[in-house]
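Let's walk through a protein fold together, one piece at a time. Keep the picture handy and follow along as we go.

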Amino acid sequence: MFYDMKGVLVLSMLFLISSAGQGAEWEPGTEVTWSALGENTPLKVFVPEDYVDERAWPLIYTFHGTGGRASTGMMQRYTKGRGFILIGAPYAVPGAGSLSRQGVMGEIRRIAKVRALLGQSLRLDETTYVGG
């Protein structure tokens, strides 16, 4: 009996790991709060209303000032909700540290991780625009 339960536990853990970042919640034309990074500051993800799996999509990743709220609203207005997958993110390191070399390198790694996780469930092309 112990081995059966151990097998169930292992399979359950593998399922949870493999489904991290999966996009069952992605619905074209909507912004969702996304906590796949396991951080205290979730990101906002907007999948464009014209999203289809048949093509790859560019990503626009926008930062919001320290203490600001993550949102994709401004970029939704600029893109008219079409043509780009949008990410709204607060800085991972709040305050002046976000502009230090260490802070910037951390954000670059974070963007790469976001791309890798999103790429498991959304078709991304190689383009990432970053602003804030």
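Which residue stands opposite Phe46 in β4? Find Phe46 and look across to the other strand: the residue facing Phe46 there is Leu86. That pair is a good way into the fold, but let's step back for a moment. What you're looking at is a predicted model.

Start with the overall layout. The protein chain has 132 residues, with 3 helices and 5 strands. If you trace the chain from its N terminus, the elements come in the order α-β-β-β-α-β-α-β.

Now for the sheet. The 5 strands make an open sheet, lined up as β1-β2-β4-β3-β5, with mixed pairing. From one strand to the next, the twist averages 20 degrees. β1 and β5 (124-131) sit at the edges with a single partner strand each, so one side of each has no neighbour in the sheet.

Let's go back to β2 and see what it pairs with. β1 and β2 run antiparallel and are joined by 5 bridges. One residue pair to look for here is Thr33 with its bridge partner in β2, Lys44. β2 also pairs with β4, again in the antiparallel sense, over 3 bridges. This is the pairing where you met Phe46 and Leu86.

Is β2 largely enclosed or open? Since 4 of its 5 residues are buried, β2 is largely enclosed by the rest of the structure. For the whole protein chain, 33% of the residues count as buried.

What about the inside? In soluble globular proteins, nonpolar side chains tend to be buried together. Here, the largest nonpolar core has 21 residues, and those with the most contacts inside it are Val45, Ile87 and Leu118. At least two residues of this core come from each of β1 (30-34), β2 (43-47), β3 (57-64), β4 (85-90) and α3 (101-118).

Pick out Leu118 and see what it touches. Setting aside neighbours within four places in sequence, Leu118 is in contact with Trp26, Trp34, Val45, Leu59, Ile87 and Leu124. Two of the names from the core turn up again in that list: Val45 and Ile87.

The helix α3 is worth a look of its own. α3 lies across β1, β2, β3, β4 and β5, and runs at about 145 degrees to β5. Another residue you'll find in α3 is Ala112. Is Ala112 buried or partly exposed? Ala112 counts as partly exposed, because its relative accessibility is 47%. Ala112 also shows how folding can bring parts of the chain together: Ala112 and Thr128 are 16 residues apart in sequence, while their C-alpha atoms are 9.7 Å apart in space.

For a contrast, move to Thr79 in helix α2 (residues 73-79). Thr79 is buried, because its relative accessible area is 14%, and the cut-off for buried is under 20%. Its side chain reaches the backbone oxygen of Met75 at 2.9 Å. Leaving out neighbours within four places in sequence, Thr79 is in contact with Ile60, Phe84 and Leu86. So we are back at Leu86, the residue opposite Phe46.

Finally, zoom out again. Of the contacts in the protein chain with a separation of 6 or more, 64% are between residues 24 or more positions apart. The accessible surface of the protein chain is about 8,200 Å², and carbon and sulfur atoms account for 59% of that.

Technical notes:
Residues numbered from 1 in each chain as written. Predicted model: local features only at pLDDT ≥ 70, side-chain atom pairs only at ≥ 80, totals over all residues. Heavy atoms only, no water. Core = buried A, V, L, I, M, F, W, Y, C linked by side-chain atoms within 4.5 Å. Buried < 20%, exposed > 50% of the residue type's maximum accessible area, 1.4 Å probe, protein only. Contact = heavy atoms within 4.5 Å. Areas by Shrake-Rupley, 256 points an atom, 1.4 Å probe, with all protein chains shown as cover. Polar contact = N/O pair within 3.5 Å; in protein donor to acceptor, adjacent residues only side chain to side chain. Pairing = 2+ DSSP bridges. Axes fitted to C-alpha atoms, helices over the stretch in contact; angles between N-to-C directions.
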